[in-house]
Amino acid sequence: MRSIWNGVISFGLVRIPIKLVNATESHAVPFREIHTEDGGRIRHRKFCELEDREVTAQEISRGYEEADGTIIPITDEDLAHLPIPTARTIEIVTFVPEERIDPLQLGAAYYLAAGRAPAARPYTLLRETLKRGNRVAIAKFALRGRERLGMLRVVGEAIALHGLLWPDEVRAPEGIAPAADVTLHDKELNLADALMDALGEVGLEDLRDEYREAVEEVVAAKISGEALPEVPEPERGVEILDLTTALERSVRAVRGEPEEAGAERSPRRGTSRSSPKETGGRKSTSTAEKKTASPARKSTSKTSRAEKSKTSRAEKRTTAKSTAGKTPAEKTPAKAKKTAASRKRSA
């Protein structure tokens, strides 16, 4: 592995020549920027503003820009005169238990390789000291134009260096946690512990980057001119709104246990979750039935009224015809009877 930085570890008066090597690598699928219209490669070239021409990497150095826009050139020789001991030194300042280090502070990881043959003995001494003390070393070092904080720990038979953020670079989690007070039941906590234990049986070495594999599959299909792979439809599982039920089913799923035969499916959104609301649902159903039934009754009553009115009209017409056929003398007794009847009522 190629070293990216050479220096020494300062362990009190002990100095250990080392080489800094990247401990990680990226397996992301590399893409290039292209011109959408014709597929031409897009390149970002570096131009000098004063000469308006492209310059090579050998012609480029660094500079500090002042508030008024003035650029002050800063050379490697200038940086070699930094008034700090960490310019080419990883200076160990303390030893602490590893649990004292907040994972939020962890940054890039490097391996420290012994620089020369004489460095093997002090290198091994530092490694064994870290092992026996069950601690990590906190150090300061300069890399890429700034002083950094680092943590030295043992990985196998090597010493690794983790870049650390400075304590004031880690934000406090204010306003992140839920503001409401939440009370958890023992059953929920026990089920969560069981789920954690079941998931803990999965080895990290068994995990893989499925997104990268999918991208490679799409790229391979494009190269070969084959049809693109079909996008799998997302699983449409039953929505579980009850936390305890969700935990129970999760534990069974991780363990590969079958679902319980009498397991109730969760209600859909918009429907009632508890018995009181279900009762309300029944009321609304009966109300709907009443509403549905009432127009029918109304229409039935309207129909009966219409039939009655038709019947009364027919009777009136029949009466009128029969009356029309009678003589005035025949009509008079009827009127007399009506008058007598009305007098009796008034009496």
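**Close-ups of charge pairs, barrel and core**

**View 1. Glu157 sits out in the open, and counts as exposed because its relative accessible area is 51%.** The cut-offs here are under 20% for buried and over 50% for exposed, with partly exposed in between (1.4 Å probe, protein chains only). This is a predicted model, so local features need pLDDT of at least 70 and side-chain atom pairs count only at pLDDT 80 or more, while totals for chains, interfaces and linings use all residues. Residues are numbered from 1 along each chain as its sequence is written, and side-chain values use heavy atoms, with hydrogens and water left out. Glu157 makes a salt bridge to Arg127, with 3.5 Å between the closest N and O atoms; the term means a side-chain nitrogen of Lys or Arg within 4 Å of a carboxyl oxygen of Asp or Glu. These two come from distant parts of the chain, 30 residues apart: Glu157 is in the loop between β10 (146-155) and β11, and Arg127 is in helix α2. Helices (H or I, at least four residues) and strands (E, at least two) are DSSP runs, numbered from the N terminus. Unlike its partner, Arg127 counts as buried, because its relative accessibility is 12%.

**View 2. Lys187 and Glu248 form another salt bridge, with closest N and O atoms 3.3 Å apart.** Here, too, distant stretches are linked: Lys187 belongs to helix α3 and Glu248 to helix α5 (residues 243-255), 61 residues apart. Glu248 is partly exposed, at 25% relative accessible area, and Lys187 is also partly exposed, at 48%. Back around Glu157, shared partners tie Arg127, Glu128, Lys131 and Glu157 into one salt-bridge network. The structure has 10 salt bridges. One of them joins the side chains of Glu51 and Arg53 at 2.4 Å, N to O, and Arg53 is partly exposed, at 32% relative accessibility.

**View 3. Seven strands close up into a barrel.** Follow the strands round in the order β1-β2-β8-β11-β10-β9-β7, where the pairing is mixed (strands pair if DSSP finds at least two bridges between them). On average, neighbouring strands of this sheet are turned by 40 degrees against each other, direction ignored. Strands β1 (residues 3-11) and β7 (residues 89-96) pair in the parallel sense through three bridges, and Val8 has Thr89 of β7 as its bridge partner. β2 and β8 run antiparallel, joined by five bridges; here Leu20 is matched with Leu112 in β8. Five bridges also connect β8 to β11, again antiparallel, with Leu106 partnered by Leu164 in β11.

**View 4. The largest nonpolar core takes in 20 residues.** A core is a set of buried Ala, Val, Leu, Ile, Met, Phe, Trp, Tyr and Cys residues joined through side-chain atoms within 4.5 Å. Ile9, Ile18, Ile90, Leu112, Leu126, Leu152 and Leu161 have the most contacts inside this core. At least two core residues each come from β1, β2 (14-22), β7, β8 (106-114), α2 (120-133), β9 (136-143) and β11. Which element gives the largest share? That's β9, with four residues.

**View 5. Val182, Leu184, Leu189 and Leu243 make a nonpolar surface patch.** Together they show about 370 Å² of accessible area (Shrake-Rupley method, 1.4 Å probe; for residues, only the protein chains shown count as cover). Patch members have over 30% relative accessible area and no salt bridge; nonpolar side chains (Val, Leu, Ile, Met, Phe, Trp, Tyr) are joined within 5 Å, like charges within 9 Å. Val182 is in the loop between β11 (158-164) and α3 (186-199), and counts as exposed because its relative accessibility is 62%.

Technical notes. Axes fitted to C-alpha atoms, helices over the stretch in contact; angles between N-to-C directions.
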